Structures are given as C-alpha cells and as structure tokens.
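Look at the chain below before you read on. Then follow the report with the model open beside you.

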Amino acid sequence: MEKDPKDAGARLFWDRKAEGYPSPLDPATLKATRGTLSMMRRLGAEWRGRDVLDIGCGTGLFALAMAPAARRVTGTDLSPRMLARMKAEAAAAGLRNVGTLRADWKKFPAAALEGRFALAVASMTSAVGTPAEVRKMEACAEKCAYVGWYGVRKNPVMEAVFRLHGLPYRSPEGASRVERSLKALGRRFRKKVFREVWRREEPLEKALRDARAHIGMNGVRFRKKEAGELLLKLFPGGTVRQRTEARKALFVWSGPKRRP
C-alpha cells in the first residue's frame with residue numbers, strides 16, 4: 001500500500017524530536033507532570049491499580065509518571081524513536097508494567113483495544129481531535145482525559161525563526177478542537193485551564209535540528225545558514241536558551257455507557 005507523504009512527514013518530525021526531549025523522569029519534568037496529573041485526578045480521572053492507555057505517548061511523559069501506581073500502562077505513538085526512548089526510560093527506572101504499541105491513532109481500529117482500559121489519556125498530541133477520534137478513545141476506556149494547547153504559545157526564539165521563514169508561530173488547536181468535538185457529541189466534561197512555562201538550554205546545532213523539524217512540518221525549506229546566523233546573533237556564545245509559555249486546557253469525561 002502506498003504511504004501518505006503527510007504521514008511520513010509527521011513520523012519524521014517526531015523521530016527528529018525524540019532525542020531532544022528531556023527525560024520524562026527528570027526531577028523538574030516529573031514535578032510538572034505530577035502537577036497536571038493531580039489536576040486530572042481532581043477532575044475524576046483515576047489510574048491507581050488500573051490499566052491505562054496513553055495515546056500519542058511520545059517519550060512517556062505521562063505514561064511513566066502514572067506507571068508506579070497503575071496496574072499497567074500502554075503507550076501508543078507513530079514514532080518508533082519516541083517509543084524506543086520510552087522503553088529505555090522505563091527499563092532504566094525498573095518499570096516493568098509499561099508496554100508500547102506503534103500505531104497511527106487516526107488510522108488504528110478501535111476494535112483492537114475496545115474496552116481494555118479503565119483510563120485513556122492523550123496529552124499535547126494531534127492524534128485526538130475530531131469527533132471520530134474522540135469516540136475511538138471512548139471505545140477503549142471507561143474514562144478519558146485530554147491535555148492540550150489552548151490558544152497561547154509564546155517562544156521569542158522560535159517566533160524569530162518562524163518569521164525568518166515567513167511563517168506565523170501559533171498555538172496548535174489542540175484542546176480547542178477536542179472541546180468542540182465533545183460539545184458536538186453532547187458529552188458532559190470537566191475542564192481546567194492553566195498556564196505552564198518551561199525553559200531549555202542547548203547547543204546551537206541541536207537548536208537548529210529542532211527548528212528544522214518544526215519548519216519542515218510546515219512544508220517550507222529550512223534556511224539553515226540564515227537561521228544559524230540569527231541564533232548566533234541572539235546567543236553569541238553558541239548556547240541557545242529558550243522560554244516557552246503556554247496556556248493549556250484539561251478535559252476529563254466519560255463516553256456513553258456500553259451495553260452489557
């Protein structure tokens with residue numbers, strides 16, 4: 001079967017991003033994740049002693065934070081490098097109840113996982129957005145939770161790189177799409193809007209690789225020479241420091257009850 005070039009582009013984008021992500025179990029990263037999980041629990045999501053599905057799991061940010069209390073966590077992602085990192089992080093931490101499934105959620109048949117989980121989560125991923133994708137999530141679990149961008153994404157460095165390429169640097173739709181889908185489906189959900197700020201510091205070449213992935217995802221040729229000159233002007237020492245501010249929304253809901 002012929003591969004969709006858009007699918008290949010998305011997979012390449014996340015494969016390139018995989019190595020640049022901080023460890024999900026880094027103390028600062030884990031602290032922030034636990035803060036979001038605490039909000040999720042207050043809205044009614046529960047994973048202690050239960051089976052959890054993490055859709056678009058990436059390197060395991062949520063999956064590995066939930067694993068110590070869960071019965072089992074399964075992460076699904078279309079990027080093999082993301083899943084490889086997740087498995088390596090789980091092994092290094094001695095987490096034996098973590099599994100992975102390489103799949104494109106938009107094309108994955110819900111029947112393959114129907115009713116197998118108590119909780120399905122999706123965080124900062126475009127894998128879930130449309131009503132059909134929400135229903136597929138509901139088919140797999142009794143309770144669902146989604147965390148995503150909610151209209152604000154600010155990063156002065158990336159904004160400058162995007163301007164260089166004639167592109168706007170916007171917040172992905174994320175949670176706004178899911179909210180519209182939940183309303184269209186008539187779902188009752190609990191919602192929490194919050195802000196997060198994170199910082200990263202990396203060598204110039206690594207920053208350029210990350211920028212290249214973002215620009216390429218927009219179908220524009222990356223101007224490496226000009227981007228490098230821009231970053232060196234901003235950071236003469238060659239160490240690129242970035243600060244990202246985001247507004248996010250968290251939704252927790254239950255799908256329609258299944259017939260016995």
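This report covers aromatic rings, helix packing and a few single residues.

**Ground rules**

This is a predicted model: local features need pLDDT of at least 70, side-chain atom pairs count only at pLDDT 80 or more, and totals for chains, interfaces and linings use all residues. Residues are numbered from 1 along each chain as its sequence is written, and side-chain values use heavy atoms, leaving out hydrogens and water.

Helices (H or I, at least four residues) and strands (E, at least two) are DSSP runs, numbered from the N terminus. Buried means under 20% relative accessible area, exposed means over 50%, and partly exposed lies in between (1.4 Å probe, protein chains only). Contact means heavy atoms within 4.5 Å.

**Aromatic rings**

A pair of aromatic rings is described by the distance of the centres and the angle of the planes. Here, rings of Phe, Tyr and Trp (its six-membered ring) pair if their centres lie within 6.5 Å. Planes under 30 degrees apart count as stacked, over 60 as edge-to-face, and the rest as tilted. By this rule there are four aromatic pairs.

One of them joins Trp105 and Phe108: the ring centres are 6.1 Å apart and the planes meet at 20°, so this pair is stacked. Trp105 is buried, at 3% relative accessible area. Phe108 is buried too, at 16%.

Phe189 and Phe251 are edge-to-face, because their planes stand at 85°, with ring centres 5.4 Å apart. This pair links distant parts of the chain. Phe189 belongs to strand β6 (residues 189–203) and Phe251 to strand β7 (residues 239–254), 62 residues apart. Is Phe251 buried or exposed? Phe251 is buried, with a relative accessible area of 0%. Phe189 is partly exposed, at 23%.

Charges can also sit over rings. The rule asks for NZ of Lys or CZ of Arg within 6 Å of the ring centre and within 35 degrees of the ring normal. Lys136 lies over the face of Trp105, 5.7 Å from the ring centre. The charged end of Arg153 sits over the ring of Tyr169, 4.1 Å from the centre.

**Helices**

Two packed helices are described by the angle between their axes and the distance between the axes. Axes are lines fitted to C-alpha atoms, for helices over the stretch in contact, and angles run from 0 to 180 degrees between N-to-C directions. Helix α6 (156–164) lies before the loop that leads to α7 (175–184). α6 packs with helix α9 (residues 224–234) at an angle of about 145°, with the axes 10 Å apart.

Which residues make the contact? On α6 they are Val157, Ala160, Val161 and Leu164. On α9 they are Glu226, Ala227, Leu230 and Leu231. By class, the contact has seven nonpolar residues, no polar ones and one charged. In this count, Ala, Val, Leu, Ile, Met, Phe, Trp, Tyr, Cys and Pro are nonpolar, Asp, Glu, Lys and Arg are charged, and the others, Gly among them, are polar.

Helix α5 (residues 131–140) has its own buried set: Glu133, Val134, Lys136, Met137, Glu138 and Cys140. These buried residues pack against β1 (51–55), β4 (117–123), β5 (141–154), α7 and β7.

**Single residues**

Some residues come together in space although they are apart in sequence. The table gives C-alpha separations.

| Pair | Apart in sequence | Apart in space |
|---|---|---|
| Gly166 and Val220 | 54 residues | 9.2 Å |
| Leu185 and Arg135 | 50 residues | 8.8 Å |
| Lys192 and Val147 | 45 residues | 9.4 Å |
| Gly148 and Arg177 | 29 residues | 9.5 Å |

Gly166 sits in the loop between α6 and α7. Gly166 is exposed, at 66% relative accessible area. Gly148, in strand β5, is buried at 0%. Leaving aside neighbours within four places in sequence, Gly148 contacts Met124, Ala175, Arg247, Lys248 and Ala249.

Met124 lies in the loop between β4 and α5. Met124 has a positive phi of about 50°, although it is not a glycine. Met124 is partly exposed, at 25%.

Leu185 is in the loop between α7 and β6. Not counting residues up to four places away in sequence, Leu185 touches Pro131, Val134 and Arg135.

Lys192 is in strand β6 and is partly exposed, at 37%. With the same neighbours left out, Lys192 touches Met39, Leu43, Lys248, Ala249 and Leu250.
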